[in-house]
Every structure is written in structure tokens, then in C-alpha cells.
Amino acid sequence: MVALNSDGRPSDAAPLLSQSAIGVLAGIGMIATLGLGWSLARSSAGMPPFQIRPPAGAPVAGKPTAEAAPLHLVATDLKFDTKQLKIDAPGSFKVRLENQGAIEHDFSLEGVKGKAYAGPKKTGEGTFQLTKPGTYAFFCSLPGHKEAGMAGTLVVGDGKSTAAVTAPSGAKTEVTTGAHASHATTVSTQKIGNQLLSPRVVDGVKIFDLTARAVQWEVLPGQYEEAWTYNDMLPGPVIRVTDGDKVKVSLKNDLPEETVMHFHGPRLPNAQDGVPDVTQKTIKVGETYTYEFTAEPAGTYVYHSHHNTAIQEPMGLYGVLIIDPKPGSAQAQRDARYTADVLQVVSEFHGNFLINGKAFPATEVVKAKVGEKVRIRLVNLGQTSHPMHLHGFHFKVVGTDGRPVLGEPLEKDTINIAPGERYDLEFEADNPGTWVFHCHILSHVANHGVEPGGMITVIQVG
């Protein structure tokens, strides 16, 4: 019989390690195995095997850090001071946006989280993270600002990557003289817009012929930008008819892309509303499309492109439609009081601020005799609101968006007009002198640092 110990083993068997010792050795072996694997993994990645993380503030090779000097970008109203920024490699970086303008702006990257925001006369910062080299589009994301020209590119590394974003979706790239050169022609500033378009009359129908095409437009002396125009004008020609007229507008498309036309404000048959894939197909390059409607009701209206609108309208595809009241009507009697009927179309174009297509000074002058009644048809076909101020007079708001004001009209000397709005303003020229009518965002009366310019009209009473 073999004697057994208390643990059930033969009493003469060789002694074994204790269970606690076995556990310690097993733990050491596991740690060693894990440590070796971790060390090999870090070595294959080119990292020191026993450095868990870099010291605080130490750069990672080939990548910028958030502590590095931020990219500095200056914004004025509807313009950045550069069209290109550059960083050496992907990673985390900051952008410092200095806003020297009178309206808010931001810095955004297409397809990338983050934003740098700066209010008027303020500076703001934003942090961005990029994982791949490439060329990325930056822009101001506030409505209309990108379309007015606040856009550019950020080059990361060599700028080459299949994942790079090269332009904001639906946005135009920077336009310079010679873009679309096969389509664009140079037009003298003497052909500035708002010229009255004479119709052809066939069987009692007034037919207006328009051609949309690209031209080179002189925004400042000697400085040309590409514009997309109706009949080579910016704004397009004035279409003027009478309440009840039968109207046809024939639009030929000589642009480098498809387009349509929308008549903004008057009563229309739905089929003539000019919305692509809703009421009509787009007008292809080289094709002509005719819109037909009865002009009603009387008022101040506009027409503009309604295809790729964030690009085509700010490029210049807009104009004014005036429907005069029926002879003998109450509106016709009111209109007969006006000795001067002045059209003022405000807009932005390639970072310049325009009245009636004019960016530079001493071109927009209104003359009135003492005692005359003046109407200003104020139209905003830009992408930004503008507070328009009249010196020397208070005006009455007698019409808004094509409709007469009912009851006692409001008297003001400043009115803020939003994109697409129209106001009919009336005042009596009873204060002799030379006065101005201008946007009260004062940077809008200086283009490229030249003042006066942009959104300012001289009114001479005497």
C-alpha cells in the first residue's frame, strides 16, 4: 500500500512548487509576452518601444501641432486677403480669422469639421484636423459670401491626394480675366445695365429678346472680371410693360452651361415660373426658350437665373421688370406726380459693391429741380442686406415688393433692404444742394480701398 499525503499525492513523490509561485511565474510570462508584442508593434511603426506618449507639447514628426502658429487670414466685407493658404503636412492646425469688415464672417473648410468665426471688427480662431494631403477649398459659409468671392484653397503637403476636395460643392472657382475665354468678350463700361429694352410687337404681344452670355466686365478702371449677363449688360436691360400686356421673353443661352429664368414677384402661370425640373427643363447651351405671361399687377419686379443660382445670379444674371399701372388707375395718378423716377439696383460682384453695375466713383448722379417729387425704385439683387441712407431728406415708403403701401406711408431716412426685396421710396426735392444716397455699412462705399466708390449715388437738387 502506498501512503498518501493529505493532498492525495504519494508520500515519497518529489515536491512541487506552490500554487502561489506558479501564479507569479505565469503572470511574469504573460507580461513579458505582451510587452514584447507591444514593443515590436511600436518598432514597426517607427516609435520608441518604451515611450507610451510624447512629452506634452512635443511635435509628432511630419505633423503640425495645435500649438504651432495659427494660419492668419484677414476678412473684409466679402473678401479674404488671400486666395491660397498652405501647411506642410496633415494634422491638427488653427486658423486665426481677423475680421476688419462691418459684417460677420467665418472660415470653413469643405467637408471638414470646425469653423473660425469673427464678428465685425473682431478676431476668432478655429481648430481643424486633416488626415491626408491635398488641396482643400475654404470659404465663408454665411449666405451669399462664398458666392460673392470669399473662397480660396488650402494646400496641404504637396497638394496631391485623391481624397482632396478641390472646390466647394456647386461653387465657382476664382474667376480671373480669361476664364471661359472662348465664351467671354470684353464690354465697355459705357454699356452699363438698366437700359430700356425695346420689344417687338407681333399680333399685340410684346416680345423681348434676351441673350445670356459671358463677358469681361470693367469693375474698376483697368480691372476686368468675368460676368454672366443678359444682352451684355450688368444689371440686365429693363423690361417695361403695362398692367394687362401680353408678354413674351425669348431667352437664348450662350453661356458655358445650362440656365433658366425666373420672374420674381409678378403673378405668373405656374408653367412659366422658371424652376428647373419643376416647371421646365433647363435651357441647354445654344438653345432658346420663350416665356409667356400676362403682365400683372403693376409694380417693381425683377428677373434672374434660377439654375445653379448661388453661382449664376451673383455672376450678373439679373435685371428689373417694371409693370406700369393701367392708365387712369389710382396708381397711375400717383405715379404722374413723380418728375424723376430713379432706379437703384444694389448688388455685390467679385468682392466689389455696385449700384446699377458701377463699382467706381463719380458715375451715378441723379439731378432734380427744387420742388420736384422723386421716386427711387430701390432693388437688391445681391446676396447681402444693405441699409440704404438718404442725406438731406426723409422719404416715404410708398411701395414694397411691387405692391403699394396701404394707409399712411412710413417716413424714414434709412431702410434695410434684404436680398430680393424692392422698395419704392418717395421724397420732395425741397432742400437744395448736393446730397448722397449710400449703404450705411461704410466699407460698402469703398472698393479696393478707394473711397468714394461702390454703393453711393450723388443727388443734386437745384
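Here are a few notes on the fold, one buried threonine and the cavities.

1. First, the ground rules: this is a predicted model, with local features needing pLDDT of at least 70, side-chain atom pairs counting only at pLDDT 80 or more, and totals for chains, interfaces and linings using all residues. Residues are numbered from 1 along each chain as its sequence is written, and side-chain values use heavy atoms, with hydrogens and water left out.

2. On the fold, I see 31 strands and 3 helices in the protein chain (DSSP runs: E of at least two residues for strands, H or I of at least four for helices). Of contacts between residues at least 6 apart in sequence, 70% link residues at least 24 apart (contact: heavy atoms within 4.5 Å).

3. Have a look at T229, in strand β13 (residues 223-230). T229 counts as buried because its relative accessibility is 0% (buried is under 20% with a 1.4 Å probe, protein chains only). A polar atom of its side chain sits 3.2 Å from the backbone nitrogen of D232. Leaving aside residues up to four places away in sequence, T229 touches several others, including R213, L234 and L317.

4. Now the cavities: there are 2 of 30 Å³ or more, and the largest has a volume of about 100 Å³ (a cavity is a set of points on a 1 Å grid where a 1.4 Å probe fits but cannot get out; the volume is that filled by probe spheres on the points). The largest is lined by 18 residues, with G299, Q331, R334, R375 and D424 closest to its centre (lining: an atom within 4 Å of a point).

5. Elements supplying at least two residues each to that lining include β18 (299-304), α3 (330-335) and β23 (373-380).

Methods:
Buried means under 20% relative accessible area, exposed over 50%, partly exposed in between (1.4 Å probe, protein chains only). A polar contact is a pair of N or O atoms within 3.5 Å; within protein, one must be able to donate a hydrogen and the other to accept it, and residues adjacent in sequence count only if both atoms are side-chain atoms. On a 1 Å grid over the protein atoms alone, a cavity is a set of points where a 1.4 Å probe fits but cannot get out, and a pocket is an open set with protein on both sides within 12 Å along at least five of seven lines; lining residues have an atom within 4 Å of a point.
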